[in-house]
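Could you walk me through this structure stop by stop, telling me what to select next and what is there? I have it open in a viewer.

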Amino acid sequence: MRLAAFIQFSAPSFGVMALLLALPLLYAIYLSLIQCTDVLELVTVRLQTPFGIEELTTQRAKVGVDGLPEQFCKFVWLDQYLSVLSSEFAKALQFTMLYVLVTVPLVIIGGLILALAVNQLPVGIRGFAIGAAILPFIVTPLVGALSVKWLFRDDGLVTQLVSAFGMQIYWMAQAWSARLLVILYGIWHSLPFAFIVLFAGLQSVPKDALEAASLDGASTTQKLWYVTLPHLGPLVTFILLIHTMDSYKLFEPVVVLTQGTFTESVQFVTYSILLDEGNPFKASAAAILTTIGIGVLLIPMLRRAVREHKEGAA
Amino acid sequence: MTAGLDRARRGTLLGLTAGMAAPFGWAACPADVRGRVDILSNAFPAMSHLAAAAEQCKSSQGRISVKLTPTARQETEQGFAMRSRCPFDAAIVSMSVFSDLYARGQLSPMTDLYRPLAGELEQNQMVRVDDQLMALAFMSNTQILFYRKDLLERSGLRPPHDCDELLMAAAALKRDHGLRYPIAQTFAKGWDCATEFTNLFVSLGGRFFKRGSAEPNFQGEHGHHAIEIMRAQMRFMSPNALSSNSDDVMNQLQQGRAALGVLWASRAARMDEPTASRVVGRIEFAAAPSAIPRGPTAAHLWWDGFVMPRRSKAPREMTFSVLRYLLDPTHVQSGNDLAIWTHSSFRPGRFGSGVALAKAAGAATWPTEPFFGIAHSELGQWIPEALAGEVQPAVALQRAADSYTRLAKERGFLRA
């Protein structure tokens, strides 16, 4: 293909990517390197509210001729990053990594087992089983997390069932159970994605290879190990990539189930910095650190995917 | 001339619409709404009522759109801070958000709009800074004690006036009625926990900042005492307390699993909702217990009201006309039990006495310093660590103070 034709074909998609991905990322990097503060003045005001009148001395932003608060901005270079790293971010990163490392393998293994089980079902009830299995993935994360919270709170169904066996667990009361709850939610919510991808993969396992293995006397386990799983390998890599990215962005179950108690995630900390501290500059630094974290996690998987692609091409 | 006739015709049509709507409790729609007026608000019953009133005024000429969202605070702060025109022409904010927006110079005074209508609005509805009308308050709120009257009476107890009495009542309810966790409080990490701390801290006589400055002053004796009170209450609360928000506390009271709890007065009516409550008619209300005997109630007074951004897309006059319509006494009367309205036509019933109770018990207004939000946010992060027993109260308070100091410097409230 001529260079001019290549540019003409690829320019629109590069343009859209630059507009929607590169520019916001570059702007976030710029924001993370500066700090703007309002220019404040000390004022004494008389405040009248429905509860009475009070005089208070307070600080107020100076407003410029354009009607906007006057601001003083300066480059602080890596100060925002250091500030983020010295805050709860490190603790949040610890739990986020735990969540990723526990949920990713369990989601893949659970999804594979479920896919193999559904694949064995008679065709007549397969549709129903697939529908039921992917339900947690269809439910929006906030609604799903609320449902789980109601199951596990003081008088929730699961709490009551567990107490019937003589165990009274208050799930949000201590670190281990709060973390377990968030992890269980993550597995429940993401497992259907792995299931549906692997189930689709199982439909394309070459029948002749399986028959040949049977003729050679391979057991069911051997056929699974030597024929089916290698066939599903690229799909497993795909799930690994997607779910690692997804689980690193852990947010909704933390907000709904525990409100961050014992289970702060990097996304939750970024959200807190932006909205509670009201500092978009520091929040940008936290967001960039999150992106770097995802990148570092994905490097080995991307290298593997590229290697497999090259081997396939060869 | 034709335009004048058109206006008159439209006015008549709107008047007729209003006349038809009146039996359902809506006031006459404003005649001068052309185009769209956008209002942003948190979703709560009183605002849903006003949103329904706004919906009545939809016509081919104009529309009042009310967006009810749980993220109203964030959207308001972002919208009002925009360099271009704010996507909302007005917003409903609580007094803490008002303080932040005012301190950043992002509110449009309404004095010029109000002046020709002097007398139409009541003093109780006006929020003025110096002589400028900056907000129109339409409802107030506070935290009050919800208690099971039947159980307390059977145990021969009166509603607790202070935190010591609250603990004694909780012990008696546990002993006499087998209630495992008689107290329910909103101690969830973050905003809820910090708000409970603020209530107790101020009731103890604490001042959050050194006089005339933004330097923190909450890490001393009063701060320790407030955390100790919270820890003492936790002995009678569900171990899940650090993730209990207002919905959870309300649920515990409605299901009869708790018998004492400090909660928003605006939630009082929900105790008698037959579809959600097992204790209909058995919950009564009193001022929140004071932190110390004979001290002021451990609660604050809040108001919610309309504000306008400095740069809006709809003409200010039209937006103000819409706000006047929404504040019409007809809407107060038709939604009397949905809120504690500021207008004099409000008739407090069984569920509407919360603010009066708190006022009588000496409740203060919520702190208005623009840097208080930062302190509140940091306290909400660190106090739960002390309540969970992970660190000592002194350590948690010092960490909150250090963190606050760093952030206040970043925002320019303290010198770096």
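## Starting inside chain B

Begin by selecting B:Leu145, which stands opposite B:Ala286 in β7(B). You are looking at a predicted model, so please keep that in mind at each stop.

Now widen the selection to the two strands around that pair. β5(B) and β7(B) run antiparallel and share five bridges. How many of the residues of β5(B) are buried? The count is 15 of 17, so β5(B) is largely enclosed by the rest of the structure.

**The partners of β5(B).** Keep β5(B), residues 132-148, coloured and add its other neighbours one at a time:

- β6(B), residues 260-264, is joined to β5(B) by five bridges in the antiparallel sense. Pick B:Gln143 to find B:Trp264 opposite.
- β8(B) pairs with β5(B) antiparallel, over six bridges. Here B:Asn141 faces B:Trp302.
- β9(B), residues 340-341, runs antiparallel to β5(B), with two bridges between them. B:Ser140 has B:Ile340 as its bridge partner.
- β4(B) is antiparallel to β5(B) as well, with four bridges. Select B:Arg128 and B:Leu133 to see two residues that stand opposite each other.

Pause at the turn of that last pair. β4(B) and β5(B) make a hairpin with two residues between them, and B:Asp130 in this turn has a positive phi of about 55°.

**A covered helix.** Next, select residues 191-203 of chain B, which make up helix α8. Are its residues mostly buried or exposed? They are mostly covered, with 12 of the 13 buried; among them are B:Cys193, B:Phe197, B:Leu200 and B:Phe201. To see what surrounds them, show β5, α9 (221-234), β8, β10 (364-365) and α14 of chain B, the elements against which the buried residues of α8(B) pack.

If you put a distance between the end C-alpha atoms of α8(B), you will find 18 Å, which agrees with the 18 Å expected for 13 residues at 1.5 Å a residue. Just after this helix comes B:Gly205, with a positive phi of about 95°.

## Two domains in chain B

Colour chain B by domain: domain 1 is 2-140 + 302-341, and domain 2 is 142-301 + 363-410. Their centres, taken over C-alpha atoms, are 33 Å apart. Where the two touch, domain 1 of chain B contributes 11 residues and domain 2 of chain B contributes 10. On the domain 1 side, α4(B) has the largest share, with five residues. By class, that side holds six nonpolar, three polar and two charged residues.

## Across to chain A

Turn on both chains. The contact between them involves 44 residues of chain B and 35 residues of chain A. On the chain B side, α4 (95-103), β4 (126-129), β5, β8 (300-307), α14 (372-387) and α15 (393-410) each supply at least two residues. Which of these elements gives the most? That is β4(B), with four residues. The chain B side as a whole has 17 nonpolar, 15 polar and 12 charged residues.

Stay with β4(B) for a moment. Strand β2 of chain A, residues 40-49, runs antiparallel to β4(B), with two bridges joining them. Select A:Gln48 and you will find B:Arg128 opposite, the residue that also stands opposite B:Leu133.

## A kinked helix in chain A

Select helix α9 of chain A, residues 220-248. Its 29 residues would reach 42 Å in a straight helix, but the end C-alpha atoms are only 36 Å apart. Zoom in on A:Gly233, where there is a kink of about 50°, shortly before A:Pro234. The buried residues of α9(A) include A:Leu232, A:Leu235, A:Ile239 and A:His243.

## Two unusual phi angles

Most residues other than glycine have a negative phi. With that in mind, go to A:Phe262, a non-glycine residue with a positive phi of about 65°. A:Phe262 sits in the loop between α10 (252-258) and α11 (266-275) of chain A, and is buried, with 25 other C-beta atoms within 10 Å.

For the final stop, jump to B:Arg294, in the loop between β7 (283-287) and β8 of chain B. Its phi is also positive, near 65°. B:Arg294 counts as exposed because it has 8 C-beta neighbours inside 10 Å.

Conventions. Residues are numbered from 1 along each chain as its sequence is written. Chains are lettered from A and ligands numbered from 1 in the order in which they are written. This is a predicted model: local features need pLDDT of at least 70, side-chain atom pairs count only at pLDDT 80 or more; totals for chains, interfaces and linings use all residues. Two residues are in contact if their C-beta atoms, placed from the backbone, lie within 7 Å. Ala, Val, Leu, Ile, Met, Phe, Trp, Tyr, Cys and Pro count as nonpolar, Asp, Glu, Lys and Arg as charged, and the others, Gly among them, as polar. Two strands pair if DSSP finds at least two bridges between them. Domain bounds come from an automatic or database domain assignment. The expected span of a helix is 1.5 Å times one less than its number of residues. The bend at a residue is the angle between axes fitted to the seven residues ending there and the seven starting there. A residue is buried if 20 or more other C-beta atoms lie within 10 Å of its own, exposed if 12 or fewer, and partly exposed in between; C-beta atoms are placed from the backbone.
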